[in-house]
Amino acid sequence: MALTPEDVVNKQFQQTKFREGYDQDEVDDFLDEVVVELRRLLQENNELKARLEGSDAGETQAQPAAEAAPAAAPVVAAPAAPAPTPASGQDDSESSSSLLQLARRLHDEHVREGAEKRDSLVAEGHATAARVVAEAEAKQRAQMNILNEERSTLEKKIDELRIFEREYRQKLRGYIESQLKELDANGGPSAQGTGSGYVTSEKSNV
């Protein structure tokens, strides 16, 4: 691939699903591509330098031969194609080095941002867990207070019912005893009179 500094700057990494930041494997793969491209550029630079040195050596050897040629036969040389200068090779090397530094800096920044977001998420998770636990404990205490109040109310009602039952039994017992006494008091003489009259009537009939 023909990699340029703009490609590195504009590279967009896919975000992960379970944590914030960029995928470490994707960043490493991209850096591997950058390294391969940089190595290719350096190899091309070395080849260009070798060709330039070879062309310089050929021109140096051709100059004495041209001077030794007869003046009667002037030769019009065709314009030679501009050869790459050493400065261009140095620029390519510097560009490759700056590109690698840029890629490394971007990698470090992505890793640092991912670590910061991870720490932030962990801290937020701990705070949320603590808040949920505190809310659950407060709700449990409130429910226990309500249950204790309801139990106290029920115990009070039970005591009142027991007192009512005891008083009712006493009143019922007293009423029954009074009725029995009244029955004994009213029913005794009449029962005797009725019995004697019956005997008298039986004797008269005989």
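**Salt bridges in the predicted model**

At 5% relative accessibility, E37 counts as buried, because buried residues are those under 20% relative accessible area. The model examined here is a predicted one, and E37 offers a friendly way into its charged side chains.

Opposites can attract company in proteins: side chains of opposite charge can pair when their charged atoms come close. In this structure, four salt bridges are found. One of them joins the side chains of E37 and R40, with a distance of 2.3 Å from N to O. Both residues belong to helix α2, which covers residues 24–68, and a spacing of three residues leaves them about one helical turn apart. Unlike buried E37, the partner R40 is partly exposed, at 34% relative accessibility.

R40 also takes part in a second pairing. Its side chain meets that of E44 in a salt bridge, here with an N to O distance of 2.4 Å. E44 and R40 again lie in helix α2, four residues apart, or about one turn of the helix. With a relative accessible area of 33%, E44 is partly exposed.

Another helix supplies a further example. E165 forms a salt bridge with R169, and the closest N and O atoms of this pair are 3.3 Å apart. These two residues sit in helix α3 (residues 86–205), where a separation of four residues amounts to about one helical turn. E165 counts as partly exposed, at 39% relative accessibility. Back in the earlier group, salt bridges with shared partners link E37, R40 and E44 into one network.

Conventions. Residues numbered from 1 in each chain as written. Predicted model: local features only at pLDDT ≥ 70, side-chain atom pairs only at ≥ 80, totals over all residues. Heavy atoms only, no water. Buried < 20%, exposed > 50% of the residue type's maximum accessible area, 1.4 Å probe, protein only.
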